[in-house]
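User: Got a minute to go through this model with me? I'd like to start with helix packing.
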Amino acid sequence: AACAVRFPSAVFGVASVFLAYVLGWQITKRKRIGLTAAAILALNPWHIAMSRVGIESNLGVLIFEAALLAFLYGLTRPRLLIPAAILFVATIYTYTTYTVFTPLFILATAWVTYGELAKHRKLSLISIALFFLLLVPLLSEGRFKTAQSRATQVNFLKDKALVDGVSLKRAACQQAYPQAVCQILENKPILYA
């Protein structure tokens, strides 16, 4: 059973290394840069660890690379903008982090490549509409609550242990200094900063 979970993840990891090569070569038109990008990803400890276990972030990396590659090719072959949009949406469905990263990346990339996208306005608009249409299921109440629950779990600002720690430090401080001084020295904004 463990092999059935780990094998696809290992395949996704190897495919990600290959796509890193293609992306490096496509962006710079230099094979050496492509090989360097592939080597960096292949030897990256995080990537190796994620490829050895069945974790969805590994699939997200592969889909994101495929989406970016489709987008880059779509600048010269506009029909590929539609698969790029579908793949970018797929990243959002694979891993929570892409919910924030992918839209920001798309905005930045669209800003940089606006001139090229404007040449293919019709397909660009169809791709944008398709992107948002495929995101509609994410707006359902259950899916939103799941994302909100995950955000609460990883939000250090809501960590009860940190708040309790501030209270303990403030109490210890008040044994030596006035309360006003301790409120200035021991508080949540300073701790978070």
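Analyst: Sure. Keep in mind that this is a predicted model. Helix 5 packs against helix 6 (residues 98-112) at an angle of about 155 degrees, and their axes are 8 Å apart.

User: So is helix 5 roughly parallel or antiparallel to helix 6?
Analyst: Roughly antiparallel, because the angle is over 145 degrees.

User: Which residues in helix 5 and helix 6 meet?
Analyst: From helix 5, Phe88, Thr91, Ile92 and Thr94. From helix 6, Tyr98, Thr99, Thr102, Pro103, Phe105 and Ile106.

User: How do the residues of that contact divide by class?
Analyst: Six are nonpolar and four are polar. No charged residues take part in the contact of helix 5 with helix 6.

User: OK, helix 5 and helix 8 next. At what angle do the axes cross?
Analyst: Roughly 25 degrees. The axes of helix 5 (residues 81-94) and helix 8 (residues 121-135) come within 8 Å. That angle is under 35 degrees, so helix 5 counts as roughly parallel to helix 8.

User: Left-handed or right-handed crossing?
Analyst: The crossing of helix 5 and helix 8 is right-handed.

User: And which side chains or backbones meet there? Just the residues, please.
Analyst: Helix 5 brings Leu81, Ile82, Ala85, Ile86, Phe88, Val89, Ile92 and Tyr93. Helix 8 brings Leu123, Ser124, Ile126, Ser127, Leu130, Phe131, Leu134 and Leu135. By class, the contact has 14 nonpolar residues, two polar and no charged.

User: Change of topic. How many salt bridges does the count come to?
Analyst: One. Lys119 pairs with Glu116, with the closest N and O atoms 3.2 Å apart. That is within the 4 Å cut-off, so the pair counts as a salt bridge.

User: Where do Lys119 and Glu116 sit along the chain?
Analyst: Both are in helix 7 (residues 114-119). They are three residues apart, so about one helical turn separates them.

User: Are Lys119 and Glu116 buried or exposed?
Analyst: Lys119 is exposed, at 59% relative accessibility. Glu116 is partly exposed, at 31%.

User: Last one, backbone. What about the phi of Lys29?
Analyst: Lys29 has a positive phi of about 60 degrees, although it is not a glycine.

User: Where does Lys29 lie?
Analyst: In the loop between helix 1 (2-28) and helix 2 (31-43). Lys29 has a relative accessible area of 55%. That is over 50%, so Lys29 counts as exposed.

Notes:
Residues are numbered from 1 along each chain as its sequence is written. This is a predicted model: local features need pLDDT of at least 70, side-chain atom pairs count only at pLDDT 80 or more; totals for chains, interfaces and linings use all residues. Side-chain values use heavy atoms; hydrogens and water are left out. Axes are lines fitted to C-alpha atoms, for helices over the stretch in contact, and angles run from 0 to 180 degrees between N-to-C directions. Helices (H or I, at least four residues) and strands (E, at least two) are DSSP runs, numbered from the N terminus. Angles under 35 degrees count as roughly parallel, over 145 as roughly antiparallel, 65 to 115 as roughly perpendicular and the rest as oblique. A crossing is left-handed if the near helix is turned anticlockwise from the far one by less than a right angle, and right-handed if clockwise. Contact means heavy atoms within 4.5 Å. Ala, Val, Leu, Ile, Met, Phe, Trp, Tyr, Cys and Pro count as nonpolar, Asp, Glu, Lys and Arg as charged, and the others, Gly among them, as polar. Buried means under 20% relative accessible area, exposed over 50%, partly exposed in between (1.4 Å probe, protein chains only). A salt bridge is a side-chain nitrogen of Lys or Arg within 4 Å of a carboxyl oxygen of Asp or Glu.
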